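Work through the exercises below with the sequence and coordinates open. Try each task before reading its solution.

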Amino acid sequence: MEKNVGGYDRIARAVLGPVLIIVGAASLAGFLTIAAGTLGLVVAVAALLVGAVLATTAVTQKCPLNELLGFNTYEGATATETESAGKPRAQ
């Protein structure tokens, strides 16, 4: 799988991921109440899992959902090499 997460997409994932992990863990530990009863537990676990996925995709810069939907926000060396291949170099 090629890298497909970059730019603002990666920044948003890198910020939201850890925040959701902290909120989910705090809720599970009892420091924060999201909702009462089973709903609170489900929301806390969901926040923890979504946060882990966002943090992982920010670090690896690879997102299966982006690939499935055809999104690519990564502008890495392959795009630069392809664009500059036909241009003469400045001397």
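The exercises go from the whole chain to one helix pair and then to two leucines; the model is predicted.

**Exercise 1. Describe the fold and the surface of the chain.**

Step 1. Count the secondary-structure elements: the chain has four helices and zero strands. Read from the N terminus, the order is α-α-α-α.

Step 2. Assess burial. Of the 91 residues in the chain, 22% are buried.

Step 3. Compute the accessible surface, which comes to about 6,600 Å². Carbon and sulfur atoms account for 67% of that area.

Step 4. Look at contact range. Take the contacts between residues at least 6 apart in sequence; 76% of them join residues at least 24 apart.

**Exercise 2. Characterise the packing of H1 against H2.**

Step 1. Locate the helices: H1 covers residues 7–29 and H2 covers residues 37–60.

Step 2. Obtain the geometry. The two helices pack at an angle of about 150°, and their axes are 7 Å apart.

Step 3. Classify the angle. Angles over 145 degrees count as roughly antiparallel, so H1 is roughly antiparallel to H2.

Step 4. Assign the handedness: H1 passes H2 in a left-handed crossing.

Step 5. Sort the residues of the H1 contact with H2 by class. The result is 18 nonpolar, six polar and two charged residues.

**Exercise 3. Determine the environment of Leu20.**

Step 1. Place the residue: Leu20 belongs to helix H1.

Step 2. Classify its exposure. The relative accessibility of Leu20 is 27%. Partly exposed covers the range between the buried limit of 20% and the exposed limit of 50%, so Leu20 counts as partly exposed.

Step 3. List its contacts, leaving aside neighbours within four places in sequence. Leu20 is in contact with Ala47, Leu48, Val50, Gly51 and Leu54.

Step 4. Check a distance across the sequence. Leu20 and Ala46 are 26 residues apart in sequence, and their C-alpha atoms are 9.1 Å apart.

**Exercise 4. Repeat the analysis for Leu28.**

Step 1. Place the residue: Leu28 is in helix H1.

Step 2. Classify its exposure. Leu28 has a relative accessibility of 41% and therefore counts as partly exposed.

Step 3. List its contacts, not counting residues up to four places away in sequence. Leu28 touches Leu41, Ala44, Val45 and Leu48.

Step 4. Take one C-alpha distance. Leu28 and Leu48 are 20 residues apart along the chain, with 9.3 Å between their C-alpha atoms.

Step 5. Relate the two residues: Leu48 is among the contacts of Leu20, and Leu48 is also touched by Leu28.

Definitions and conventions. Residues are numbered from 1 along each chain as its sequence is written. This is a predicted model: local features need pLDDT of at least 70, side-chain atom pairs count only at pLDDT 80 or more; totals for chains, interfaces and linings use all residues. Side-chain values use heavy atoms; hydrogens and water are left out. Axes are lines fitted to C-alpha atoms, for helices over the stretch in contact, and angles run from 0 to 180 degrees between N-to-C directions. Angles under 35 degrees count as roughly parallel, over 145 as roughly antiparallel, 65 to 115 as roughly perpendicular and the rest as oblique. A crossing is left-handed if the near helix is turned anticlockwise from the far one by less than a right angle, and right-handed if clockwise. Ala, Val, Leu, Ile, Met, Phe, Trp, Tyr, Cys and Pro count as nonpolar, Asp, Glu, Lys and Arg as charged, and the others, Gly among them, as polar. Buried means under 20% relative accessible area, exposed over 50%, partly exposed in between (1.4 Å probe, protein chains only). Contact means heavy atoms within 4.5 Å. Accessible areas come from the Shrake-Rupley method with a 1.4 Å probe; for residues, only the protein chains shown count as cover.
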